[in-house]
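Work through these short exercises with the structure open beside you. Try each task before you read its solution.

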Amino acid sequence: MERTFSIIKPNAVADNNIGNVIARFEKEGLRIAALKLTHLSKEKAEGFYIEHKERPFFGSLVGFMTEGPVVLMVLEGENAVEKNRKIMGATNPAQAEEGTLRKLYAKSIEANAVHGSDSLASAEREINYFFDKNEVKARF
Ligand code: CMP
């Protein structure tokens, strides 16, 4: 059983798609092990995306991620990291497959509706960055 980390980004929250995104995860067999709605500070968003610090889109990305509330989640299930990535689709919605969350709910490569960990190692870092150990509930 794996855990992965997911963010419903400000554009999807603003568009009232929290329920649609969560329903999709549940329908595909992922369970919510932790969840919070919050508004990221600039410092918190910068720290989260630190690996992209030198990329030209970094400043804009941090601005976008702090423009409104986000939903932070820990998802649990078999093969959770890969399953979540499949459900999300490609980073760039123009390349995302039909029916994926990004195809359905993204506005642009930046406002791409959801974030998901790209590996087990990043899942662990990202979960620990936002959640205390006692906030994550094992469901299996
Ligand atoms: P995410 O999966 O959260 O990881 C990094 C984010 O940077 C990505 O989704 C996009 O929201 C954003 N981004 C903006 N421009 C680009 C780009 N050219 N390539 C990759 N990611 C980008």
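**Exercise 1: Polar contacts of the ligand**

In this predicted model, an oxygen atom of the ligand lies 2.9 Å from a side-chain N or O atom of His115. Find which other side chains place a polar atom by a ligand oxygen, using Lys9 and Asn112.

Solution.
- Step 1. Recall the cut-off: a polar contact is a pair of N or O atoms within 3.5 Å.
- Step 2. Take Lys9. A polar atom of its side chain is 2.8 Å from a ligand oxygen.
- Step 3. Take Asn112. An N or O atom of its side chain is 3.2 Å from an oxygen atom of the ligand.
- Step 4. Look at the cover. Alone, the ligand has 450 Å² of accessible area, and the protein covers 80% of it.

**Exercise 2: The shell**

List the residues around the ligand, then sort them by class.

Solution.
- Step 1. Read off the names: Lys9, Tyr49, His52, Phe57, Leu61, Thr91, Arg102, Ile109, Glu110, Asn112 and His115.
- Step 2. Sort them. The shell has four nonpolar, four polar and three charged residues.
- Step 3. Place the ligand. The space it takes is the largest pocket.

**Exercise 3: The whole chain**

How many helices and strands does the chain have, and in what order do the elements run?

Solution.
- Step 1. Count: there are seven helices and four strands.
- Step 2. Order them from the N terminus: β-α-α-β-α-α-β-α-α-β-α.
- Step 3. Check the packing. The radius of gyration is 14 Å, close to the 14 Å that the globule rule gives for 140 residues, so the chain is as compact as a globular protein of that length.
- Step 4. Add the extent. Along its principal axes, the C-alpha trace spans about 40 × 35 × 25 Å.

Definitions and conventions: Residues are numbered from 1 along each chain as its sequence is written. This is a predicted model: local features need pLDDT of at least 70, side-chain atom pairs count only at pLDDT 80 or more; totals for chains, interfaces and linings use all residues. Side-chain values use heavy atoms; hydrogens and water are left out. A residue is near a molecule or strand if one of its heavy atoms lies within 4 Å of it. A polar contact is a pair of N or O atoms within 3.5 Å; within protein, one must be able to donate a hydrogen and the other to accept it, and residues adjacent in sequence count only if both atoms are side-chain atoms. Accessible areas come from the Shrake-Rupley method with a 1.4 Å probe; for residues, only the protein chains shown count as cover. On a 1 Å grid over the protein atoms alone, a cavity is a set of points where a 1.4 Å probe fits but cannot get out, and a pocket is an open set with protein on both sides within 12 Å along at least five of seven lines; lining residues have an atom within 4 Å of a point. A molecule sits in a cavity or pocket if more than half of its atoms lie within 2 Å of its grid points. Ala, Val, Leu, Ile, Met, Phe, Trp, Tyr, Cys and Pro count as nonpolar, Asp, Glu, Lys and Arg as charged, and the others, Gly among them, as polar. Helices (H or I, at least four residues) and strands (E, at least two) are DSSP runs, numbered from the N terminus. The radius of gyration is taken over C-alpha atoms; the globule rule is 2.2 Å times the number of residues to the power 0.38.
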